[in-house]
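Grab a pencil and work through these exercises one by one. Try each task yourself before you read its solution.

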Amino acid sequence: MASESHAHSVRGTWVTIRPRWGRFSYRFDKRVPLVALGIVIFTLVTLVVSISYGEYDIPPLEVVRTIFNVNQDHADYANYRLVVHTFRLPRITLAFLVGMTLAVSGAIMQGITRNPLADPYLLGVSGGASLAAVTVIVWLRITTAGLLPWAAFAGALITAGAIYGLAWKRGSSTPIRLILIGIALESVIGAVTTVMLLFGNINDVQQAYVWLTGSVYGRNWEHVQVLGAWLIVFMPMATLMGRELNTMGLGDDAAKGLGQRVERQRGLLMVVSVALAAGAVAVAGTIGFVGLVAPHVTRRLVGPSHEGLLPVSALFGGALLVLADLIGRWAIAPSELPVGVVTAMIGAPYFIYLLYRNRNR
Amino acid sequence: MSVQTKVVSRNTTRILGSRSLLLPGLVVGVVVLVGGVLWSITLGAADITPDTVYAALFNFDSTSFQHLIIQTVRLPRVLTGVIVGASLAVAGAIMQGLTRNPLADSGILGINSGASFAVVMGVFLLGNPPLSLYAILAFIGAGLASGLVYMLGAMGRGGATPLKLTLAGVILSAFISSFTTAILIGDQETLDKIRFWTAGSLAGRDMALLTQTAPYMLAGLAGAFFISRQITTISLGEDVAKGLGQQTGWVKVLAAVVVVMLAGGAVSLAGPIGFVGLVVPHVVRFMVGVDYRWVVPYSAVLGGILVTVADVGARVIIRPQELPVGVVMAIVGAPFFIWLARWKVKR
């Protein structure tokens, strides 16, 4: 990955924001605003299409008017309002937020471990959340929605904390120790989860499978609010730490030489990444692929500098999940594919195309 | 990425510090393995004395019930465990060397996802295929998926670079798995039939199944040993290997073929068993360093021991029911591995 980033930075041209007041500077590739705008437009179009499509079709124009509540004199307004504001808009908004969250979390994780295989779940977030969720669904057999997100959230944070703690020795947790201990602890947790899935009631197990795949089915504004609040705290933090990630990408020694307090920054970034992933997992289950792939694709689009990479991969991840959700609802209608299945189904071919196009890099 | 495996080698001291300890260490390993195999055969629903085990192996009496159990049930099972463990560990070691990524195992080549998809499709379409058909489907699925991954990863100039290979593998695995998941979520009956297979198990594996698959895996093990020097070189980095005059393209193709034979055979015999392929190579490197001429045989022996012991646990812990061997392996092996990682990784 390191060699790749050098190749980019030579060619890139930059926009730098450095106001006279304060010690603040923010530098990003000049492709960033354009790409971001493109993704936003794409997302908005997909959002409208997605809301208009369903068992109860709504014309796209009416969708827009219903969102802004300007068609109250329309004959079907009551229905429109119910379908748009209560059913479809919240789940689609949630899909977007979850995609954002996972993408940023993955980009940070790849940055701090300098490992292209890293994803938001590297530190045991998915393992811990899965174990907690499967315990709730299969073992405790509690089906009311209230407990599940909190259990998953707690499971994710506890596991990540345990991995970080176990990797901690003499004032540091090196990436390699984190990775090895992560592998080990995840295996144990995975093993316990497997046992529950093996011996549980098959109906519960199937329900657990849907959760494990990740889904935004039936989510409401409450989920959006909770994750939204979470994002407002951690997303700006992540973006502002982009330059620290750039420095860290040079390697621990170089980063220290440049005056970075590597250990502290890495710990902080890890907290941000894990917190983001845990939030996403709590509301939507362990959706795979987005957090791994969105940063890679975005790096191709806007280069490797994290100040641009983090916000753009957030948008890309969100867009991917909105599109995946639409396809999941459409593909085998009236039944529905969980969004976690679709992310890989549509994301993978695109990524393979990218791999092909960049085969000589 | 390459930094990380190097970090392991640079910042750890080998447990078997002196080269003169390597061969005796391996011999000890083999003795432990054989002992473990015999111990495993004595344990089960009916405990059988070591004398009887010895008699059944070398002095087979077809009228003895215990001899029959040993020859038709326990021996095939324990041998399957040994070869599966050895194969997965060696395949994992090669993949970690080839991609220079400590998170890699044979799963990176799409072997598990390909096999799982083929088997799930088989069960979904055919209803109730026999175990031998599971094996064939798994092997075909594993072979096709890994071929595809390799082709994708090897496109373009520079061939199969670690980054391209790793990405191609992860992407394609995720792609294939998404279809598997779609089937399992949609069809409860298939999920119910398949959930034991997907956890990985050695239960009910007979001699016919073993003799059908073992030759490929033994050939794979021999091949792994044969190319171990080249893997050592390539694990230092592609540029280094080329600088030393190695034809890296060929080595990588050969290595991939070996991995498919090993891990494809293993998944067809026992389903997608995790942990051993990922963790054993790390443990071995802590012991013997990064010379693959030693990493390969040590991985084979240690992988065999781990699966054999874990399978005893799998059969005994919740008698008369069974736990999946991968589960026992993780629960027993992980604490040890965590301790090892804390102790050995200095920086």
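**Exercise 1.** Which residue takes a positive phi just after α5(B), and about what value does phi have there?

*Solution.* Keep in mind that this is a predicted model. Go to the end of α5(B) and look at what comes just after: B:G127, with a positive phi of about 90°.

**Exercise 2.** Check the length of helix α5 of chain B, then work out how much of α5(B) is buried.

*Solution.* Step one: helix α5 covers residues 111-126 of chain B, which makes 16 residues. Step two: the expected span is 1.5 Å times one less than the number of residues, so the helix should span 22 Å. Step three: compare that with the model, where the end C-alpha atoms are 22 Å apart, so the two agree.

Now for burial. A residue counts as buried if 20 or more other C-beta atoms lie within 10 Å of its own. By that test, 12 of the 16 residues of α5(B) are buried, so you can call the helix mostly covered. Among them are B:I111, B:F117, B:V120 and B:V123. What covers them? The buried residues of α5(B) pack against α6, α7, α8 and α12 of chain B.

**Exercise 3.** Describe how α13(B) and α15(B) cross, and say which residues make the contact.

*Solution.* Start with the axes: they come within 11 Å and cross at roughly 35°. Next comes the handedness, and this crossing is left-handed. Then list the residues. From α13(B) you have B:V276, B:V279, B:V283 and B:F286, while α15(B) brings B:M329, B:G333, B:F337, B:L340 and B:K344. Sort them by class and you get seven nonpolar, one polar and one charged.

**Exercise 4.** Is A:A151 buried or exposed, and what does A:A151 touch?

*Solution.* First find the place: A:A151 lies in helix α6 of chain A, residues 147-167. Count next: A:A151 has 21 C-beta neighbours inside 10 Å, so it is buried. For its contacts, skip the neighbours within four places in sequence, and you're left with A:A132, A:A133 and A:V136.

**Exercise 5.** Where do the phenylalanines A:F289 and B:F275 lie, and are they buried or exposed?

*Solution.* Take A:F289 to begin with. You'll find it in the loop between α12 and α13 of chain A. Its phi is near 80°, a positive value in a residue other than glycine. With 31 C-beta neighbours inside 10 Å, A:F289 is buried.

Then do B:F275, in the loop between α12 and α13 of chain B. Phi is near 70° here, again positive in a residue that isn't glycine. B:F275 has 32 C-beta neighbours inside 10 Å, so B:F275 is buried.

**Exercise 6.** How many residues of chain B are in contact with chain A, and which helix gives the largest share?

*Solution.* On the chain B side there are 52 residues, in contact with 47 residues of chain A. Helices that each supply at least two residues of the chain B side include α1, α8 and α13. The largest share, 16 residues, comes from α7(B). Finally, split the chain B side by class: 35 nonpolar, 11 polar and six charged.

Terms used. Residues numbered from 1 in each chain as written. Chains lettered and ligands numbered in written order. Predicted model: local features only at pLDDT ≥ 70, side-chain atom pairs only at ≥ 80, totals over all residues. Contact = placed C-beta atoms within 7 Å. Helix = DSSP H or I, 4+ residues; strand = E, 2+ residues; numbered from the N terminus. Nonpolar A, V, L, I, M, F, W, Y, C, P; charged D, E, K, R; others polar. Axes fitted to C-alpha atoms, helices over the stretch in contact; angles between N-to-C directions. Left-handed = near helix turned anticlockwise from the far one by under 90°.
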